[in-house]
Amino acid sequence: MTTRIVILGGGSAGLTAAFELQKKQPPQSASITLIDQSPYFTYQPFLPEVAGGHIAPRDVTVPLRKALRKAKVIEAAVTGLDSDAKKVSVEAADGETFDVAYDQLIVALGAVTRTFPTPGLAENGVGFKSVEEAQYVRDRILGNIAEAASVKDSAERRKLLTTVFVGGGYTGVEALAELDDAAKAAVDTFPNLSRDELRFVLVEALDRVAPEVGPELSKWTLGQLRSRGIDIRLKTTMPSCIDGDVVLSDGETIPAGTIVWTAGVKPNPVFSDMGLPLGPKGHINVSATLQVETEDGVKLDGVWALGDGAQVPNLLADKQPAYYPPNAQNAVRQAATVAENVIATLAGRPIAEYRHESLGTVASFGIGKGAANMFGLQLKNLPAWLAHRGYHLYAMPTLNRKWRILAGWITNFVGGRDTTPLVGLGDPRAGFLKVTPKVAPKK
């Protein structure tokens, strides 16, 4: 009988687990199935460079079916789990629902954008977790700049040239810094606009930005961003943004042409629908071997979890209990461990615990600018930026995508930054509909 290995999620953890299982060849009687709503994987650490125009959007994606030649890929959303019957419930794009049976299940559904019930956010804001969002934000800001060049009303012009980011963590700071550079380059192409008219605002509830790089580099990053003219509001929140008017907790209102929400992530809410044992913040509870287990330590037969949606114990930490931070560095290494453990389980061998010493953190704030904390060394600007590009180019899956990204960097270096906004992508049929008459059907 064929052993059915099912992987839920095609992100860093899920794709790497599938790669490892393909490479290490589980017993010939085993099949691999990956289920994800999207037909492609997205390398999220490069999204700020997509927004900055350094990498083409498609180059940070990997087609799942092309990459996983020895696996079956099902494009569907996970809706439930029956761990007793060993079946996963899914729903296809056309609404069809069906079950997928498994013997070994790897849950790698990751995290989703964390939002709050903020008036106006759904109507005026945009996230920054997908390649589509990164490209949209880029086109929106550059399109607003082009529009502002032809607007006579000073208030409307100021609004178009104002961008507000809510959330000053890793993602928010990197994206903001890249887009600040791109916006300045775009403004320089309009004789009637000046860089002084651009306004970028970062709203952060904590008293620091980019805490992931450590206290000292976080403080340095704050100074660097402010020296570039970016308005940083610490210990501040956004109670509302109706009609694009950003109301801050300090009482100020900032009319903004673009509002980008980068205020963190939360575990995928489908975990609750799956009936999995969850920690206090909604992460799946797992043992150090990445097996899903209850609070009482009872393990679910054949169910494993990892990545941003799992609460993985850090046995190397001085203070216990401790858990690994949800990032790509841990996700891909957990994927290697879970693949080894699944293969070991099928072969009747002992399984291993996940243990990993952090390699550090790297952040890019635009060409030649960045911060990195690696192997106990603190790097700033050019060395940090080179470390960021080198590490993530190495980590980018598939040789094809590595070459495409490298070629794009070389092209940008030689040809300069492209600031063309593709403003029609949001509604590409608008022009066609404008010239096409509507014809009522004949009775």
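What follows is a walk through the strands, helices and a couple of single residues of this model.

A little housekeeping comes up front. This is a predicted model, where local features need pLDDT of at least 70 and side-chain atom pairs count only at pLDDT 80 or more, while totals for chains, interfaces and linings use all residues. Residues are numbered from 1 along each chain as its sequence is written, and side-chain values use heavy atoms, with hydrogens and water left out.

Let's start with strand β8, residues 104–107. Helices and strands here are DSSP runs numbered from the N terminus (H or I with at least four residues for a helix, E with at least two for a strand). In β8, Q104 and I106 point one way and L105 and V107 the other. That fits the general picture, since side chains in a regular strand alternate between the two faces of the sheet. All four residues of that set are buried, where buried means under 20% relative accessible area, exposed means over 50%, and partly exposed is in between, using a 1.4 Å probe and protein chains only.

β8 has partners to look at too; two strands pair if DSSP finds at least two bridges between them. Strand β1 (residues 3–8) runs parallel to β8 and is joined to it by four bridges, with L8 standing opposite V107. Strand β20 (residues 299–305) is also parallel to β8, through three bridges, and there I106 has W304 as its bridge partner.

Next comes an open sheet of five strands, paired in parallel in the order β10-β16-β11-β12-β13. Its edge strands, pairing on one side only, are β10 (125–126) and β13 (231–233). Inside the sheet, β11 (residues 162–166) and β16 (residues 258–261) share four parallel bridges, and V164 sits opposite I259 of β16.

R199 is a handy residue for looking around in this sheet, as it belongs to strand β12 (residues 199–203). R199 is partly exposed, because its relative accessible area is 28%. The C-alpha atoms of R199 and T162 are separated by 4.7 Å, although the two residues are 37 apart along the chain. Contact means heavy atoms within 4.5 Å. Setting aside neighbours within four places in sequence, R199 is in contact with L161, T162, T163, D231, R233, E252 and I254.

Now for the helix that goes over these strands. α5 lies across β10, β11, β12 and β16, and runs at about 160 degrees to β16. Axes are lines fitted to C-alpha atoms (for helices, over the stretch in contact), and angles run from 0 to 180 degrees between N-to-C directions.

α5 (residues 131–148) also has a helix neighbour in α7 (residues 170–187): their axes come within 10 Å and cross at roughly 30 degrees. α5 and α7 are therefore roughly parallel, given that angles under 35 degrees count as roughly parallel, over 145 as roughly antiparallel, 65 to 115 as roughly perpendicular and the rest as oblique. The crossing is right-handed, meaning that the near helix is turned clockwise from the far one by less than a right angle, with anticlockwise being left-handed. From α5, V137, R138, I141, L142 and I145 meet L179, A182, A183, A186 and V187 of α7. By class, that contact has nine nonpolar residues, no polar and one charged. Nonpolar here covers Ala, Val, Leu, Ile, Met, Phe, Trp, Tyr, Cys and Pro; Asp, Glu, Lys and Arg are charged, and the others, Gly among them, are polar.

A second helix pair is α1 (residues 12–24) with α10, packed at an angle of about 40 degrees with axes 8 Å apart. That angle makes α1 oblique to α10. This crossing is right-handed. Residues of α1 that take part include A13, A17 and L21, and those of α10 include A331, A335 and V342. The α1–α10 contact comes to twelve nonpolar, two polar and three charged residues.

Just ahead in our tour is N314, in the loop between β21 (310–311) and α10 (328–347). N314 counts as buried because its relative accessibility is 15%. Not counting residues up to four places away in sequence, N314 touches Q320, A322, Y323 and Y324.

Last stop: an open antiparallel sheet of three strands, ordered β22-β23-β24. β22 (360–364) and β24 (377–380) are its edges, each pairing on one side only. On average, neighbouring strands here are turned by 10 degrees against each other, direction ignored. β23 (residues 370–374) and β24 pair over four antiparallel bridges, and N373 finds its bridge partner in Q378 of β24.
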